[in-house]
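Work through the following exercises with the sequence and the structure at hand. Each task is followed by a solution in steps.

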Amino acid sequence: MKVKFENIIREHQDRLYRMCRSAVFDPQYAEDLYQEVLINIWKALKRFRGEASLTTYLYRIVINTAITFNRKEKRRSQAMEKIRRLPQQVDAFTEQADQRLANLNQAIHQLPEEERWIIGMYLDSLSYKEIASVLGSNTNYVGVKINRIKKKLEKLIKLNTNGR
C-alpha cells in the first residue's frame with residue numbers, strides 16, 4: 001500500500017498541488033490543503049475500486065478536501081479581503097507574460113468555487129468527459145460552463161486591469 005501511495009503521489013503531485021492552489025489563493029494555505037489532501041488520499045486509497053479513473057478519483061478527493069478546508073477555516077474569503085485592500089503595484093521589471101498570468105490567477109480566484117474547479121481541470125488539460133466524471137455531470141454541461149467561464153474571466157481581467 002505504501003509503495004502504491006508513493007507511486008501515485010510521485011506521478012500526480014504537480015496536478016494535485018495545482019488543484020490545491022486553485023482552491024485557495026494564499027500559497028501557505030495551499031500547502032496546508034495539499035497536506036490534508038495527501039492524508040485523505042492515503043485514507044481513501046484502500047476504497048478505490050477502479051470504477052472511475054484514478055485521476056478522477058484523486059480530483060474528487062482534492063475537491064472534497066478543499067470544500068471542507070474552506071468551510072472550516074474560512075480562509076479563502078479572508079485572503080480575498082486582504083487582496084482587495086492591498087494596493088495594486090506593478091513592478092516595472094515584471095515581464096508581460098508574468099503579469100498576464102497574475103491577472104488570470106486573480107480573476108480565477110474571483111470565480112465561484114465550482115467554476116474555479118472546472119477551469120482548473122480545464123487548464124490541467126482534462127477532457128470534458130473527465131471533468132464531467134469528476135463533477136458527476138454530463139459533457140454538454142461542462143462545455144457550456146467552460147465557455148461561460150472563459151467569457152466571465154475575460155470580463156474580470158478587463159475589469160481588474162482597467163481598475164488600476
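Helices (H or I, at least four residues) and strands (E, at least two) are DSSP runs, numbered from the N terminus. The model is predicted: local features need pLDDT of at least 70, side-chain atom pairs count only at pLDDT 80 or more, and totals for chains, interfaces and linings use all residues. Residues are numbered from 1 along each chain as its sequence is written, and side-chain values use heavy atoms, with hydrogens and water left out.

**Exercise 1. Count the helices and strands of the protein, and state how much of it is buried.**

Step 1. The protein has eight helices and zero strands. Read from the N terminus, the order of elements is α-α-α-α-α-α-α-α.

Step 2. Buried means under 20% relative accessible area, exposed over 50%, and partly exposed in between (1.4 Å probe, protein chains only). By this rule, 37% of the 164 residues are buried.

Step 3. A contact means heavy atoms within 4.5 Å. Among contacts with a separation of 6 or more, 69% join residues 24 or more positions apart.

**Exercise 2. Classify the ring pair of phenylalanine 5 and tryptophan 42, and place both residues in the helices.**

Step 1. A pair of aromatic rings is described by the distance of the centres and the angle of the planes. Rings of Phe, Tyr and Trp (its six-membered ring) pair if their centres lie within 6.5 Å; planes under 30 degrees apart count as stacked, over 60 as edge-to-face and the rest as tilted.

Step 2. The whole structure holds three aromatic pairs. In one of them, the centres of phenylalanine 5 and tryptophan 42 are 5.1 Å apart and the planes stand at 85 degrees, so this pair is edge-to-face.

Step 3. Phenylalanine 5 belongs to helix 1 (residues 2-23) and tryptophan 42 to helix 2 (residues 27-44), so the pair ties together parts 37 residues apart in sequence.

Step 4. Phenylalanine 5 is buried at 16% relative accessible area, whereas tryptophan 42 is partly exposed at 39%.

Step 5. Another aromatic pair, phenylalanine 48 with tyrosine 57, is tilted, with 4.8 Å between centres and 45 degrees between planes. Phenylalanine 48 is partly exposed, at 22%.

**Exercise 3. Locate glycine 136 and decide whether this residue is buried or exposed.**

Step 1. Glycine 136 sits in the loop between helix 7 (128-135) and helix 8 (139-162).

Step 2. With a relative accessible area of 67%, glycine 136 is exposed.

Step 3. From glycine 136 to arginine 60 the C-alpha to C-alpha distance is 9.8 Å, while the two are 76 residues apart in sequence.
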